[in-house]
Structure formats: C-alpha cells, structure tokens
Amino acid sequence: MSKYVGSSMKRIEDPRFIQGRGSYVANLKLPNMAYLAIKRSPYAHANIKGIDTSKAKALPGVIGVFTGEDTSDVGMLPCGWNVPDIKVPPNRVLQTDKVRHVGDRVAMVVAESPYIAQDALDLITVDYEPLPAVVDAKKATEAGAPQLHDSVPNNTSYVWALGNKEACDKAFAEADKVVELDLVNQRLIATAIEPRAAVAQWDPYKEEMTLWTTSQNPNLTRVVLSAFLLGIPEHKLRLISPDVGGGFGSKIPTYPEEALVPWAARKVGRPVKWVAARSESAMSDTQGRDHVTHCKLALKQDGTITGLHVSTWANNGAYISLVAPLIPTALYITLLSGLYKIPGVYGEMWGTLTNTVWVDAYRGAGRPEASYVVERLVDVAAREMNMDPVEIRRKNFIPASDFPYQTPVAFLYDSGNYAAVMDKAVEMANYSQMRAEQKKAREDGRLVGIGIAGCIEASGPAPSAVAGSLGGVTGFWESGSVRVHATGKVTVLTGAHSHGQGHETTFAQIVADELGIDIKDIDVVHGDTAVIPNGMGTYGSRSTSVGGTALVRSAEKVRAKMMKIAAHQLEAPLEEMVYDQDQGKIYVKGVPSKAKAFGDLAFAAYTAHNLPPGLEPGIEEDSYYDPSNFTFPNSVHIAQVEVDPHTGEVTIQRYVAVDDVGKVINPLIVEGQVAGGIAQGVGQALWEHGNYDESGQLISANLLEYAMPHAHHFPAFEMGRAETPSPHNPLGVKGVGEMGTITSTPTIANAVMDALAPLGVRHIDMPLTPEKIWRAIQAAKMS
Ligand code: MCN
C-alpha cells in the first residue's frame, strides 16, 4: 500500500521559498565579480552600418566593450529540431550586419557595476539603416514582404503536413454542414517571476568553466554550449541551475547570453554576471503561440464530425529557436483530433520568420493552439446546428472501449474515458441549472455565457527513436539515480529540473514508497551537471512519467541488491525473499520475524564484511528510461462568465475543472498545477498579448502594457478528477503541468462567445479585452 504516493503532502521545498531563502542566480555574489549588459536594437529591422564603442570604452569602470566581430569565435545558435527541408538562418550571439527584431543583440559591456554597464550602453553608437518590417506570420509569406534572411526565401523556414487527406477531402465532399473559422492565436510572453540570469566563472588553471544559469534543462544546455557555441569540452563545463523562479517553457532554449557571459568571463579573467531587467526579458526571452489559422469542420446532419482541415501559419520570430520547429508540427497537428473520433483529419502549416522576438515553447507548446482550434470549431458548429455544446461533444467523443486509440494524425492515445470526465464536469457544474439561470439572466438583459471545452494533451514526450525520426537532434529519455548511504539515508538524483513543479516532494514520495522508508530520509537533488551526469530537463509535462519512472527503475535495482544481501545474511534462498514496501524491510517468505531492516542492509552494503560472493559493495543505482509513448491527459472544463454590456468587461463567475492525469502522486500539487495553468490560459483568453505594431515595435514590453491575470480575477476553482492510469509507465501517471493552460483558453473564449451569442457575435480573436468586446457589441447593435 502506498504511504506517500497519493497523499496531499505539503511541498518540502516551500519553507525556503516562502521565507525568501531560495538560492537564485541573481543573488549569487562571487569575489571580484564584473557585470555584463547588452546593447539591444531599438529597430525591428535594420542594417548595421557601423558600431562606435570608443566612448563606452572610455567610461571609468568599464572593463570591456565587445561586438559581434570580437565574439566571432563563438558558434551559431543551433536548431535542435530539423523538420524535413528546414531552412535555418544563421543566428550569431551578437549580430554584425543586420538586426531583425527589437531587442536583437548588437554589443555588450562588461563593467565594475551593473549601473556603469548600463551607462556605457548609452555611449555605444550604432549607425542603423532602418528597413521595412513584417510582424504577421502569414503576411510574411506574401509577395513583396520584407525579407529577413537571404537563405530563407519568402520568410518560410519549413512546411509540414500530416493526416489522412483523402479521408478529409471525402468528409468535406459528403458533409451536410461545414463550419469555417479564421483564428488568430496571439503572441504571448512567458513572464516568469524570475527574469533570466547568468553568472560565469573561468578557472584558467583547470581550464574549467562554471555557469550558473536559469535553465529548465542544464544538462542539455551544457551539451549545446559545448558542442555548438563555446567549444569548451563538456566535461570541463559545469552548469548549475539552482532554484529557478518559473520558466513555463521560456527557459528551455539555449540563449545567446548563456554563451556571452562565459565568453566574457574568460576574456576579462573575472567572474561575470548578467541579470535581465523585466522589459529586457520581454524582448529577449523566447515568446509563445502566434498562429494565424484557417480551419473548417465537416459534419453530418446529426452532429457527427467527419472531417477537420486546418491551415496554419506559425510565427517563429526572427530566428529559429532551439526546438521551435517541433511546436507547430509534431506537438500541434498531431493533436488536432482532440477528444474526438474524426475519420478525416488533415493539418498543414508554414513555419515563417518575422521581425519579432523568436518563438519557442510556452506552457502547452502547440497543444493549446490545437485545442483552441478544435474546441472553437466544435462550439461554433454546435451553435450553428442548434445543438447543446455538451451534447455535440458527447456524441463525438472517442468511446472508452476504443483505447488504445489510433488517431489519423499519428498519435496512439494510451487510455481515457472522456464521457466520464464530461459527466463529472456536468454534474459538478450542475449544468442544467446553470443553463436555466442563464436563460433567466438573458431575459433580464444580462450577457451571461457558459463555456465548455474538452481537451487532450500529449505529455511526457516521446520515444527517442520517434523524436529522431521527426527531426529531433536529441532523445527524450530521462535519468534517475538512487544512492543509498551507509546510514540508510538516500539521495535521489534526477535529470529533470524543478522550477516550481515541486519535484523535491513528489520524487521523494515516489522513492519513499518504492523503498518503504521515511520520506524525511530522502533528499532530491537536481540542476547541477557536476552532480547529475546526464538529463534532459523539464518541459512537456514529462518529469513524472519519464523521470519518475527512471527513479522507479533505480529503486527496483536497489531492492534487488538488498534482497541479495538479505538472502545471504538470513541464509535463505533469494526466491524466498520478500521486500516489505510498507515497513522497509526484507523477510523470508512466511517468516516475517526473520528479517533485515533497510538501514541494516544499507550499512552492510558499505561495511562489506558479509556480502554474497562476487557482489560489489555499496548501493548506488542509475537508470535511463526512454518512454514507449507519450501519455495523454485530458479534461473538461466548464465556466460561467458575465459580460458587462456597457464596458465589455468579463467577470468569471464559476470555473469547474475536471482533469484526468492518470494516477496522481500528490493531489495538492496536482491541484496547484491545474489552478496555475487555468490562470495562465485565462490570461491568454482575456488579457495577455505580446503586441507588435506594424513597424515591429513591441508595445507590450512591460507589465503595465502586458496584462497578467491576478488572483482577484478568479472565483475559487471547483476541481474534480477522473483517473484512467497510463498503461505504459509503472506509476500509471500522465502529465499535469500544462493541462489547465490547454483547456482554460477555449473554455473562456467559448463562454464569452456564448454570452455574446444573442447579439449575433460569432467570433472575436483573443485576447477578449473589454475594448474588443465593447466594439463587437456596438457593431452588433448597429447591424
Ligand atoms: N504530478 C503528480 N501526479 C501526476 C502528474 C504530476 O503528482 N499524475 C506532479 C509531479 O510530480 C510534479 C508536478 O505534478 O510535482 C508536475 O508534474 P508533470 O506533469 O510531470 O510536469 P513537469 O514536472 O515535467 O513540469 C513541466 C510542466 C510544464 S511543461 C510547464 S511549461 C510548467 C509546469 O510544468 N511550468 C511551470 N508547471 C509549472 N509550475 C510552475 N510553478 N512554474 C513553471 O514554470
């Protein structure tokens, strides 16, 4: 019986966070440290005619000023996901000839203080020749659009398509009803609490570099820095990502600053620190989403969905970021079947380049974009066919009996019972009562709307061989080690990285149950490449299903070794040994008193006085786990909103979320993950927009302009759970880290459109700001 797994333990890591005692890169102070600042382009597109650094160099306190010419020994930023025929434009750490987005990097200063470094930036003169800019994913491909890179004609880096086109075409040819929509899934800025930061220290005697950096995947970043950018041998490069204050995908890629800071530290012979300001983060962290989509749904008269066709232009920004091409391809089109049994699904997309900050993973990464397309279309179809949005979904759900279910867009869904999730959500919301109240409110002239969305997520990517076949440069395995110390205490090492997810708690819960020991005897370590030899980091809600499984495997090996020692010492056959995971002891089958405790066996392994012949002393087990499939969490959310007809302001009155994330390690953490995800997804639906004007100026580069959700915007979330364990990992878990984000965006968009339906408003693009809604209301009144 599980003692810890399944229990709502409070997070072990929280006392240090709550008390402000976390260790963050920005707080790091090293003796003789210098400070780095980066000169960034104010133009979205311009030729660099010259850079004059003389005045900056002359400023007292300036140690060095460097341009792209100086850093020519640093390699190009690589692309780690090479879809077929992709054109990856060169991307230098400091640009020499041209800048291609506001915030692009032109020069850097190293100085005695961060203030002197900032002052020196103002003394660098860059002679720019401004060029016309393009910011829209689709317009970038049109004739006459400004061209960003000579090597990428029509600003189109890659084209990708997937699905059964024939079945899709047939569905449309034979459809009783076709619903079409043009959608924009707007640009988002991740805005983690902690902006990015890096500190580097070079040891010239050992020829070793240590880099502290706010990365979600320090081991992976080390490989990229070593192999592509800095040329420092991997074993001489140590990366430490200590406590990191959120990432949401934006701390996955390897960034230019992660190469520039160590480069500068070696150059000036001193430790060097760089910390991004908030507005600097807004124009230099990779951003999210930004799709322009035309989509259509084919249906039969009774509401049966027979076909879905999607054409999307995905904005990659000015350069191709590390895993950017993965997101609108294998994490987007593959999810277009949603929760539904659709015979014909076909998606095609164009990965384009524009004069905007580069785009990469942002919580959900491709999957929220897919869910938004599917769930908006299904909702519009329901309205236009006079069906209830619950009924049309129920009618088309993949039945529980069909799992594992092969979709027409490559994925094999592992398990699920979507109808049960819907039933629970409907029951919790008291849906019929909600509708009755809405009817009454409408009679009173109020704009009350109910929104429903049912979404699928593919978490825990992916079999490494599949990743390789789709263009991935690396694999997607994870490592996990269990080190048992002589005194019976245990250190757990994981290649995943916690930056808010609570792994120090849940991974300890997993190992404590596997070994049957007190959770207080376990310490979970992550984030230091000198300690964790290998790992792939945290993204794609993978850490528990992939990293957790690696730990289960290592714990199994620990148990197996202890059984050998116990059998030897108890003078009983190995086959008769029973590992009691409740008590943490090993006994002889049928004779529980003939037992050895975990602590005794740990001690025996290290004294090595009485081990079976040939058995090595010590107990330290490592595993690499490569998943055989993704896991497929799913959910149904129902929200009730009210729109103020005079101001267009949306108030969320109720929010019900039922999620199936398989077996749950820690319900409290899962609720927290879902709640945070909901807030983030609602932020996209209602407020957030990485907004560029036509000239490419980022006009939302601070928190006054970039409207984040606040706690007071939300009612208490009403959360429920369904549970269909994943059949292909021993924990039965599916990912939860992105589920809330994926489902809440279409839920709220559908709710707002439901509120406005009596006025005849069919669709408004996100974010559904009061201004946009007010304008739609006025336009509806006029027509
Ligand atoms: N968990 C559980 N039971 C499950 C699934 C997960 O108890 N069935 C627990 C896990 O053990 C872990 C947490 O829930 O403590 C999230 O687990 P998982 O779904 O495996 O996701 P990851 O740990 O891989 O986290 C990545 C995911 C992603 S992709 C983004 S983006 C995201 C997110 O997590 N960024 C976050 N949640 C975040 N939360 C915070 N606070 N900050 C971020 O930057």
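**Helix H18 and a five-strand sheet**

Me: Which residues are exposed on the other side of H18?
Reply: This is a predicted model, in which local features need pLDDT of at least 70 and side-chain atom pairs pLDDT 80 or more, while totals for chains, interfaces and linings use all residues. Residues are numbered from 1 along each chain as its sequence is written, and side-chain values use heavy atoms, leaving out hydrogens and water. With a 1.4 Å probe and protein chains only, exposed means over 50% relative accessible area, buried under 20% and partly exposed in between. On the side of H18 (a DSSP run of H or I, at least four residues, numbered from the N terminus) away from its buried residues, the exposed ones are Glu 771 and Met 782.

Me: Within what arc do the buried residues of H18 fall?
Reply: The buried residues of H18 are Ile 773, Ala 776, Ile 777 and Ala 780. They line one face of the helix, because the directions from the helix axis to their C-beta atoms fall within an arc of 100°.

Me: Which helix is among what covers the buried residues of H18?
Reply: Contact means heavy atoms within 4.5 Å. The cover includes strands S18, S26 and S27 (strands being E runs of at least two residues), and also helix H17.

Me: Which strands stand at the edges of the open sheet?
Reply: Strands pair if DSSP finds at least two bridges between them, and the order here is S7-S15-S14-S13-S8, with mixed pairing. Two strands have a single partner each, so one side of each is left without a neighbour in the sheet: S7 and S8.

Conventions
The expected span of a helix is 1.5 Å times one less than its number of residues.
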